[in-house]
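Biologist: I am new to this structure, and I would like to go through it slowly with you. Could we put it on display before we begin?

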Amino acid sequence: MTSPVAAPGHTFVKGHGTGNDFLLYADPEGAAPLSTSEVAALADRHTGIGADGVIRAVRSAAITEGADRATGREPAALWFMDYLNADGSVAEMCGNGIRVFVAFLRHAGLLALDDGDTVQVATRAGVLGVRREGRDYAADLGRWSAPGGDAALAQGFDASVGVAGLDEPRPGLRLDLPNPHTVIALEDTEQLEVLDLTRAPIVDPAPARGTNVEFVVPLGDREVDIVDSAGAVVGSKTVGVVRMRVYERGVGETLSCGTGACAAALAVRNWFGEGAPQEWIVQVPGGELRVRMLADDHVELAGPAELVGTVTTL
């Protein structure tokens, strides 16, 4: 005997970016939104299908949130990424999700995108460009900001975070991308590994919108090859390296968080000060992500997007 699952008869594609996994479905005309309870039931890893979030592909013109952001832009953002956390709550953005979203559009025949080309995607964070890089994708996530302003950046922190596994609260730096993040530096990878993220960290002051919490260990820098479009090595560059674990609001600990990786790189770059690298490799439990600082306080996130299967609820 089967157990009833929310949204019976819906077909979803399961995908992930460095282990941050999603259920995606196409709803071009915006006629089939899921309720908060349906999303939570689908994302449940024991009684549902299981995912960190659910992503709906809607034509921007068919939904007010998309039309408001995409109207009058050139090139047009034809698709809106409607992203919901595993508990059904709304999220402003998802850095891993937007890459998987574009891979899904291509798989579903809703988008043609040649290698090296960029597509504009409407999100609750605005219209963002996603560039195809072979099997990977790179997304300009727009401008980042620090809620505490220049004073917080100069001091290096503007919050206190307590978590099981540490003997006392640690200072954290709040950053918005535009979803909220709080980044905490730890001394070594052993300290990172003993954290208990089965419970939400305690952040003070308590953020009104909640916050993702990133625990990071800076690992210095490394030299990497610069490769041209033909695959030839034409030089080298210095990139920073940081290791991260994350507790995501509305989800819990995840194997990766794209905007969290950007927040981690931005925070460590700020702590390092003048001369810090402009590009970073962020190691997460699910793999590696690449973060690059762009002009006008924009930040780019690059990494894989994998589609693994299709499932239809009964």
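Biologist: Is Cys94 buried or exposed?

Modeller: This is a predicted model, so the answer is computed from predicted coordinates. Buried means under 20% relative accessible area, and Cys94 has a relative accessibility of 5%, so Cys94 counts as buried.

Biologist: Which residues does the UniProt annotation "active site" cover, and why can they be said to gather at one spot?

Modeller: The annotated residues span 164 residues in sequence, yet no two of their C-alpha atoms are more than 7.6 Å apart, so they gather at one spot. The lining of the largest cavity includes both Cys94 and Cys257. According to the unreviewed UniProt entry, the residues covered by "active site" are Cys94 and Cys257.

Biologist: In which loop is Cys257 found, and what is its relative accessible area?

Modeller: Cys257 is found in the loop between β14 (252-254) and α6 (258-272). Leaving out residues up to four places away in sequence, Cys257 touches several residues, among them Asn20, His181 and Glu248. Since buried means under 20%, Cys257 is buried, with a relative accessible area of 3%.

Biologist: How many residues of α6 are buried, and how far apart are its end C-alpha atoms?

Modeller: The helix is mostly covered, with eleven of the 15 residues of α6 buried, including Gly258, Cys262 and Val268. At 1.5 Å a residue, α6 should span 21 Å, and this agrees with the model, where the end C-alpha atoms of α6 are 21 Å apart.

Technical notes. Residues numbered from 1 in each chain as written. Predicted model: local features only at pLDDT ≥ 70, side-chain atom pairs only at ≥ 80, totals over all residues. Heavy atoms only, no water. UniProt positions renumbered as here; feature names shortened; annotations may be inferred. 1 Å grid on protein atoms, 1.4 Å probe; cavity = no way out; pocket = protein on both sides within 12 Å on 5 of 7 lines; lining within 4 Å. Buried < 20%, exposed > 50% of the residue type's maximum accessible area, 1.4 Å probe, protein only. Helix = DSSP H or I, 4+ residues; strand = E, 2+ residues; numbered from the N terminus. Contact = heavy atoms within 4.5 Å. Expected span 1.5 Å × (residues − 1).
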